[in-house]
Every structure is written in structure tokens, then in C-alpha cells.
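Q: I have a structure open and want to go through it piece by piece. Can you take short questions?

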Amino acid sequence: MAGQIPQRFIDDLLGRVDVVEVVGERVQLKKAGRNYSGLCPFHQEKTPSFTVSADKQFYHCFGCGANGMHYAS
Ligand SMILES: [Zn+2]
């Protein structure tokens, strides 16, 4: 179909983008061991309870419970 982006291309693109980079564009992340932590973009907070795992491409907030896999979209 004209103008349609092949699913294969999208998968490739997503596979190359790092969740830490994607989240890092919105949230200032600090490296904490193997993970990164920062202020949660999903709720208001003053102490960082938002964690991003580069290994698992996974994010989780201990404050509001937001979580997800980068590849799951
Ligand atoms: Zn949160």
C-alpha cells in the first residue's frame, strides 16, 4: 500500500533505539549501578523513584507503579 511503512522497518528501528536514550530525552537520568534512575515523567515527585534498566529495556516507577517494556509498543 502506498505510504505505508513496512512493519519490518519499524521493528528494525525500534530494535536500534535504546530505552535509556528515549526516556533520557524527557527525563534526566542518573546512572545507578546497572540501571538508571530519575524523576518520574508520569507523576510529580521530588525524589527519583523512576528506574530504567538498559539490560532489560524496561522502566518502572516505584512511586506510581508505571512500568513497561520498550519493545512492547
Ligand atoms: Zn511515577
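Q: Is His 43 buried, partly exposed or exposed?
A: His 43 is partly exposed, because its relative accessibility is 24%. Buried means under 20% relative accessible area and exposed means over 50%, with partly exposed in between (1.4 Å probe, protein chains only).

Q: Where do these values come from?
A: This is a predicted model, in which local features need pLDDT of at least 70 and side-chain atom pairs count only at pLDDT 80 or more, while totals for chains, interfaces and linings use all residues. Residues are numbered from 1 along each chain as its sequence is written, and side-chain values use heavy atoms, with hydrogens and water left out.

Q: Ok, which protein atoms are the donors of the zinc ion?
A: Cys 40 (SG), His 43 (ND1), Cys 61 (SG) and Cys 64 (SG), at 2.0 to 2.3 Å from the zinc ion. Donors are N, O and S atoms within 2.8 Å of the metal (3.2 Å for Na, K and Ca); water is not among the atoms, so sites may look incomplete.

Q: What is the arrangement of the four donor atoms?
A: Tetrahedral, because the angles they subtend around the zinc ion are 102 to 122°. The rule for four donors is that all angles lie between 85 and 135 degrees; four count as square planar and six as octahedral if opposite donors are over 155 degrees apart and all others between 65 and 115, and anything else is irregular.

Q: And what spacing do the donors follow along the chain?
A: C-x2-H-x17-C-x2-C. Within that, His 43 and Cys 61 link distant parts of the chain: they are 18 residues apart, with His 43 in the loop between β2 (35-38) and β3 (50-53) and Cys 61 in strand β4 (residues 58-61).

Q: Are Cys 61 and Cys 40 buried or exposed?
A: Cys 61 counts as buried because its relative accessibility is 0%. Cys 40 is buried as well, with a relative accessible area of 7%.

Q: How many disulfides?
A: Zero, where a disulfide is a pair of cysteine sulfur atoms within 2.5 Å.

Q: Changing topic. What does the secondary structure come to?
A: Two helices and five strands, running α-α-β-β-β-β-β from the N terminus on. Helices (H or I, at least four residues) and strands (E, at least two) are DSSP runs, numbered from the N terminus.

Q: What is the strand order in the sheet?
A: The sheet is open, with five strands in the order β1-β2-β3-β4-β5 and antiparallel pairing. β1 and β5 (67-69) are at the edges with a single partner strand each, so one side of each has no neighbour in the sheet. From one strand to the next, the twist averages 20°; axes are lines fitted to C-alpha atoms, for helices over the stretch in contact, and angles run from 0 to 180 degrees between N-to-C directions.

Q: How many bridges join β1 and β2?
A: Four, in the antiparallel sense, with β1 covering residues 29-32. Two strands pair if DSSP finds at least two bridges between them. Leu 29 has Gly 38 as its bridge partner, and Ala 32 stands opposite Asn 35. The two strands form a hairpin with two residues between them, and Gly 33 in the turn has a positive phi of about 70°.

Q: What about β3 and its neighbours?
A: β3 pairs with β2 over four antiparallel bridges, and with β4 over four antiparallel bridges. Val 52 stands opposite Tyr 36 in β2 and opposite Tyr 59 in β4. In the β3-β4 hairpin, with four residues between the strands, Gln 57 takes a positive phi near 55°.

Q: Which β3 residues cover its faces?
A: Phe 50 and Val 52 are on one side, Thr 51 and Ser 53 on the other, and all are buried.

Q: Last one: which residues form the aromatic cluster?
A: Phe 42, Phe 50 and Tyr 59. Rings of Phe, Tyr and Trp (its six-membered ring) pair if their centres lie within 6.5 Å; planes under 30 degrees apart count as stacked, over 60 as edge-to-face and the rest as tilted. Phe 42 and Tyr 59 are stacked, at 5.9 Å centre to centre and 20° between the planes. Phe 50 and Tyr 59 are tilted, because their planes are at 35°, with centres 5.8 Å apart.
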